[in-house]
Amino acid sequence: MTNEHPRPERRGVRRLFARTSWPEARFLADVLRTETVGGALLLFGAVIALVWANSPWGDSYAELGRWVPWSGGAALHLDLDLTTWAADGLLAIFFFVVGLELKREFVAGELRDPRRAALPVVAAIGGMAMPALIYVAVNLAAGGDGLRGWAIPTATDIAFALAVLAVIGAYLPQGLRAFLLTLAVVDDLLAITIIAIFYTDDFHLLPLLGAVVPIALFGLLVQRRRTWWWALIPLAVVAWTLVHSSGVHATVAGVLLGFTVPVLAGKSRGGRPSPGLAEHLEHRWRPISAGFAVPVFAFFAAGVSLRGADLGAVVTDPIVLGIVLGLVVGKCVGIVGSTYLLARFTRARLDEDIAWSDLLGVSLLAGIGFTVSLLIGELAFGSVDAGGNVKAAVLAGSLISALLATVVLSRRNRAYRAIALKEQVDLDQDGVPDVYQRPNG
């Protein structure tokens, strides 16, 4: 028995979900550990909001969200209430970190290779198109009054999805983790594009052109590795203010600023490679995003009151049905279906370590659309009567997706755990593990 068991490869066939390099694996592990804490804080903020909004003191929760801390900011369109500050201001920090992740993926991650990027890009597109089609079909059949919310079920929440995967999937193949992260990053990029194009009202060109100046100065400083906080933070605030004044959703400013940061490491004075600035800034800002910005947004966005609500009317609301079916069914069918078609009509094949049931679990996990779905819901319906139903639908759809994914992936995780334990026993006995066999799907 030899120590290596080479796997025969047919010429021209590439493997989907193949193992990535050690630096990539280490990066993914770090992200998963961080997102577990961030996902827990996000859930905590949402639960507190739901409990408060449905308690006898629910009116005080609503009044807190409507409070305007700076009424004198009308000239700059900054006379915003706390709920809007959370959605437009704090989420800009979240999207800045997303911009850094996107830049890293395109320059040094999975998306730098077009052949490897094809699968998560196609899966992300399928996973956004199918929920939108389901939502549109449900609402057209009901008269079409809620069509403005077509993009609500298209988003995947990175923090929640990766947190659930980290908790229940310790033994799952690393390729699945890489796929979910890359898919979620592409999903975020497409969601940002949708917000900028379809949910921009009262567009003003002059402030948007003015935002180019502070963004360019910010980019010039970071390209020269000048990390002066007293210069970068004011430039970021000015850029955010101008983008907000233009009518484009202000979180887009965070993404654009993230795109300006260099990813590849330079050389230190001693000639040794230094960490890329994008990695450095992400390390600094991710705790603020995951530990404060996103949980506070969840606190103000998730507080839907069901006191005195007609639950029968909520359940039969076409907006609610479209969102729930889009997140639970549309995401799953879109991701699995697009992956199957890619494997069916190209030379791509699933990696031998991966079963289709593994992919099913991850596609269900992608139906957790909390943060960005709630944001799009706010942009689509605001505070009108449909707004509360939208929040309830996003929460319900995300919860159902998480529970179904947990059932599927927990079963798969137990199967992979049994294989890992058997390999360890074989290694302890004779120093050589048996040939790897993936569990049946």
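Q: Exposed means over 50% relative accessible area, buried means under 20%, and partly exposed is in between. Why is tryptophan 230 called exposed?
A: This is a predicted model, and in it tryptophan 230 has a relative accessibility of 53%. The cut-off for exposed is over 50%, so tryptophan 230 counts as exposed.

Q: What makes tryptophan 228 partly exposed?
A: Tryptophan 228 has a relative accessible area of 38%. Partly exposed lies between the 20% and 50% cut-offs, so tryptophan 228 belongs there.

Q: How do you know that tryptophan 228 and tryptophan 230 form a stacked pair?
A: There are two steps here. Their ring centres are 5.4 Å apart, and rings pair if the centres lie within 6.5 Å. Their planes are 10° apart, and under 30 degrees counts as stacked. Eleven aromatic pairs are counted by this rule.

Q: Which residues form one aromatic cluster?
A: Trp52, Tyr61, Phe299 and Phe300 form one.

Q: What makes us say that the charge of arginine 344 sits over the ring of phenylalanine 345?
A: The charged end of arginine 344 is 5.2 Å from the centre of that ring. The distance cut-off is within 6 Å, so on distance the charged end of arginine 344 fits. The rule also asks for a position within 35 degrees of the ring normal, and the pair is listed as sitting over the ring.

Q: What is noteworthy about the phi of arginine 225?
A: Most residues other than glycine have a negative phi. Arginine 225 takes a positive value, near 60°. You will find arginine 225 in the loop between helix 7 and helix 8, just after helix 7.

Q: Why is arginine 225 called partly exposed?
A: Its relative accessibility is 37%. That value is between 20% and 50%, so arginine 225 counts as partly exposed.

Q: How do you know that the span of helix 7 is close to the expected one?
A: Helix 7 covers residues 205-223, which is 19 residues. From its first C-alpha to its last it reaches 27 Å, and 27 Å is expected at 1.5 Å a residue.

Q: Why do we say that the buried residues of helix 7 line one face?
A: The buried residues of helix 7 are Pro207, Ala211, Pro214, Ile215, Phe218, Gly219, Leu221 and Val222. Seen down the helix axis, they fall within an arc of 155°, so they line one face. Leu206 and Val213, on the other side of helix 7, are exposed. The buried residues pack against helix 3, helix 8, helix 9 and helix 10.

Q: What makes helix 6 largely enclosed?
A: Of its 25 residues, 18 are buried, so helix 6 is largely enclosed by the rest of the structure. Helix 6 reaches 36 Å from its first C-alpha to its last, close to the 36 Å expected.

Q: Why is helix 13 also called largely enclosed?
A: Eight of its ten residues are buried, so helix 13 is largely enclosed too. Among them are Ser357, Asp358 and Leu359.

Q: Why is threonine 339 called buried?
A: Threonine 339 has a relative accessible area of 0%. Buried means under 20%, so threonine 339 is buried. This residue lies in helix 12, and its C-alpha is 9.0 Å from that of leucine 359, which is 20 residues away in sequence.

Q: How do you know that asparagine 389 is buried?
A: The relative accessible area of asparagine 389 is 19%. The cut-off is under 20%, so asparagine 389 counts as buried. Asparagine 389 is in helix 15.

Q: What makes the link between asparagine 389 and aspartate 317 a polar contact?
A: Their side chains are joined at 2.8 Å, and a polar contact needs N or O atoms within 3.5 Å. Leaving aside neighbours within four places in sequence, asparagine 389 is in contact with Val314, Asp317 and Val320.

Q: Why is threonine 346 called partly exposed?
A: Threonine 346 has a relative accessible area of 31%. That value is in between 20% and 50%, so threonine 346 is partly exposed. A polar atom of its side chain lies 2.4 Å from the backbone oxygen of leucine 342.

Note on methods. Residues numbered from 1 in each chain as written. Predicted model: local features only at pLDDT ≥ 70, side-chain atom pairs only at ≥ 80, totals over all residues. Heavy atoms only, no water. Helix = DSSP H or I, 4+ residues; strand = E, 2+ residues; numbered from the N terminus. Expected span 1.5 Å × (residues − 1). Buried < 20%, exposed > 50% of the residue type's maximum accessible area, 1.4 Å probe, protein only. Arc of directions from axis to C-beta. Contact = heavy atoms within 4.5 Å. Polar contact = N/O pair within 3.5 Å; in protein donor to acceptor, adjacent residues only side chain to side chain. Phe/Tyr/Trp six-rings, centres within 6.5 Å; stacked < 30°, edge-to-face > 60°.
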